[in-house]
Amino acid sequence: MGAYRADDDYDYLFKVVLIGDSGVGKSNLLSRFSRNEFSLESKSTIGVEFATRSIRVEDKVVKAQIWDTAGQERYHEIADTVSDANWNPLRFFAYICTQFQHTLGNVEILRLHLQTKEWLRYRAITSAYYRGAVGALLVYDVTRHVTFENVERWLKELRDHTDSNIVIMLVGNKADLRHLRAVSTEDAKAFAEKESTFFMETSALESMNVENAFTEVLSQIYRVVSKKALEAGDDPGALPKGQTINVGSKDDVSAVKKVGCCS
């Protein structure tokens, strides 16, 4: 399997998301894979960024559209305060204001109003970010155990917003910092096996396993697509152009390239 350089020539387009706590190295993993670049002075991502790169899987050219976001991490704090997934923030805010309008001060009312807006923003951002994703790299920092502890929460959010067929790679980044390691390879492997995800340790700094992690995810996605084509009685090597690749009911982004369509 080798890299394919012509970015405007591909057979399949797969959306892959990078998730994990802030500071684990998601942006440097993305820049290392897409541009072979690394920045020691990397700053926190603002908003949503994405990069593309095409590789060859078997005899097909697969283009990855990889999304990296920031800001989601802080919304998790809001989400943790709500145990009921069907909780309605607007109804809750209206109830509080009605029942306690004489006892709550204006500052407290404003705080609740802002928290309600933040929750709605969190739900909108999360839905848009995951929509159409068929692969994910769930990244933690091997030198910060808390980032590994939070992997379970990220995994739940991912699975709540994507199809069950999504390909997930658990990635322990910053493996070059051997003297600072706080998460053992064995613990991470055990978690990955329990959750039925792939696992790899990487170093964006040393470019260790970065290529392997992304290409393995893309190859596994391709295998899922091929398997579904076979189950449907189609030839996976001769899928008609212009059709959407449905790895699940929630996929609406990843697709077979249309003939004559630019990237």
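E211 is partly exposed, with a relative accessible area of 34%, in a model that is predicted rather than determined by experiment. This residue forms a salt bridge with R53, and the closest N and O atoms of the two are 2.6 Å apart. Because E211 belongs to helix α8 (residues 210-231) while R53 belongs to strand β3 (residues 48-57), the pair ties together parts that are 158 residues apart in sequence. The two partners also fall into separate accessibility classes, for R53 has a relative accessible area of 14% and is therefore buried, the limit for that word being under 20%, whereas E211, at 34%, counts as partly exposed.

A second pair joins R178 and E206, whose closest N and O atoms lie 3.6 Å apart. Here the partners sit in loops: R178 is found in the loop between β6 (167-173) and α7 (185-195), and E206 in the loop between β7 (198-201) and α8, so that the pair links distant parts of the chain, 28 residues apart. R178 is exposed, with a relative accessible area of 54%, which means that R178 passes the limit of over 50%, while E206, with a relative accessibility of 43%, is partly exposed.

A third pair is made by R35 and E37, with 3.1 Å between the closest N and O atoms. Of these two, E37 has a relative accessible area of 41% and is partly exposed.

The table sets the three pairs side by side.

| Salt bridge | Closest N and O atoms |
|---|---|
| E211 and R53 | 2.6 Å |
| R35 and E37 | 3.1 Å |
| R178 and E206 | 3.6 Å |

Salt bridges in this structure can also join into a group, as D141, R144 and K174 show, since these residues are linked in a network of salt bridges. Taken over the whole structure, the number of salt bridges is nine.

The wider setting of these pairs is a protein chain with eight helices and eight strands. Of its 263 residues, 47% are buried, and R53, at 14% relative accessible area, is one of the buried residues. The chain exposes about 13900 Å², of which carbon and sulfur atoms supply 50%.

Contacts across the sequence can be described in a similar way: among those between residues at least 6 apart in sequence, 74% join residues at least 24 apart. The salt bridge between E211 and R53, which spans 158 residues in sequence, gives one example of distant parts being tied together.

Key
Residues are numbered from 1 along each chain as its sequence is written. This is a predicted model: local features need pLDDT of at least 70, side-chain atom pairs count only at pLDDT 80 or more; totals for chains, interfaces and linings use all residues. Side-chain values use heavy atoms; hydrogens and water are left out. A salt bridge is a side-chain nitrogen of Lys or Arg within 4 Å of a carboxyl oxygen of Asp or Glu. Buried means under 20% relative accessible area, exposed over 50%, partly exposed in between (1.4 Å probe, protein chains only). Helices (H or I, at least four residues) and strands (E, at least two) are DSSP runs, numbered from the N terminus. Contact means heavy atoms within 4.5 Å. Accessible areas come from the Shrake-Rupley method with a 1.4 Å probe; for residues, only the protein chains shown count as cover.
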